[in-house]
Amino acid sequence: DTVIASRVIYYFHEAMHELIQACARNGVSGIVLVGNEYRALAWEKSRDGKELGKYAYYSTVAGMSELLESHGYSVVKVLPDGDPVVVGRLRADPA
């Protein structure tokens, strides 16, 4: 049971937390999040998100990792080049 979200999670805005929490509650063991290279680079450049909106943070490795970890997933793989990819595995004791 794996959910893959490619170049989309940041469009969910606050509902992204509900989505990831629902995955954890329902035992989805793996989540693969793919960000957006250009959005992530712009976020890193601006650092305040005003250009793109605060949700662009979740197109970065840091944002996607934080999202997964805050809902009971451990980050098991990160591919930072190109469109960044973060792979999470549900912890046995989800937070």
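## A tour from Asp 83 to the sheet and its helices

Begin by selecting Asp 83, which counts as partly exposed at 26% relative accessibility; bear in mind throughout that this is a predicted model. Next select Arg 7, which is likewise partly exposed, with a relative accessible area of 34%. Show both side chains, and you will find that Arg 7 forms a salt bridge with Asp 83, with 2.8 Å between the closest N and O atoms. Because Arg 7 sits in the loop between β1 and α1, while Asp 83 sits in the loop between β3 and β4, the pair ties together parts that are 76 residues apart in sequence. A search of the whole structure for such pairs finds one salt bridge.

From these loops, turn to the strands and display them as a cartoon. Four strands make up an open sheet, arranged in the order β1-β2-β4-β3 and with mixed pairing. Select 2–6 for β1 and 73–79 for β3: these strands stand at the edges, and each has a single partner strand, so one side of each is left without a neighbour in the sheet. Looking along the sheet, note that neighbouring strands are turned by 15 degrees against each other on average, if direction is ignored.

Now restrict the view to β1 together with β2, residues 30–34, where the two strands pair in the parallel sense over five bridges. Within this pair, pick out Thr 2, which stands opposite Gly 30 in β2.

The helices come next. Select residues 15–25, helix α1, which lies across β1, β2, β3 and β4 (85–90) and runs at about 115 degrees to β3. Then add residues 61–69, helix α3, which lies across β2, β3 and β4 and runs at about 10 degrees to β4.

Return to α1 and ask which of its residues are buried. They are Met 16, Ile 20, Cys 23 and Ala 24, and they cover an arc of only 100 degrees around the axis, which puts them on the same side of α1. An α-helix has 3.6 residues a turn, so residues three or four places apart point the same way. If you show the surroundings of these buried residues, you will see that they pack against β1, β2, α3, β3 and β4. Rotate to the other side of α1, where Glu 18 and Arg 25 are exposed.

As a last stop, select Gly 27, just after α1, and inspect its backbone, where phi is positive at about 75 degrees.

How values were computed:
Residues numbered from 1 in each chain as written. Predicted model: local features only at pLDDT ≥ 70, side-chain atom pairs only at ≥ 80, totals over all residues. Heavy atoms only, no water. Pairing = 2+ DSSP bridges. Axes fitted to C-alpha atoms, helices over the stretch in contact; angles between N-to-C directions. Contact = heavy atoms within 4.5 Å. Salt bridge = Lys/Arg side-chain N within 4 Å of Asp/Glu carboxyl O. Buried < 20%, exposed > 50% of the residue type's maximum accessible area, 1.4 Å probe, protein only. Arc of directions from axis to C-beta.
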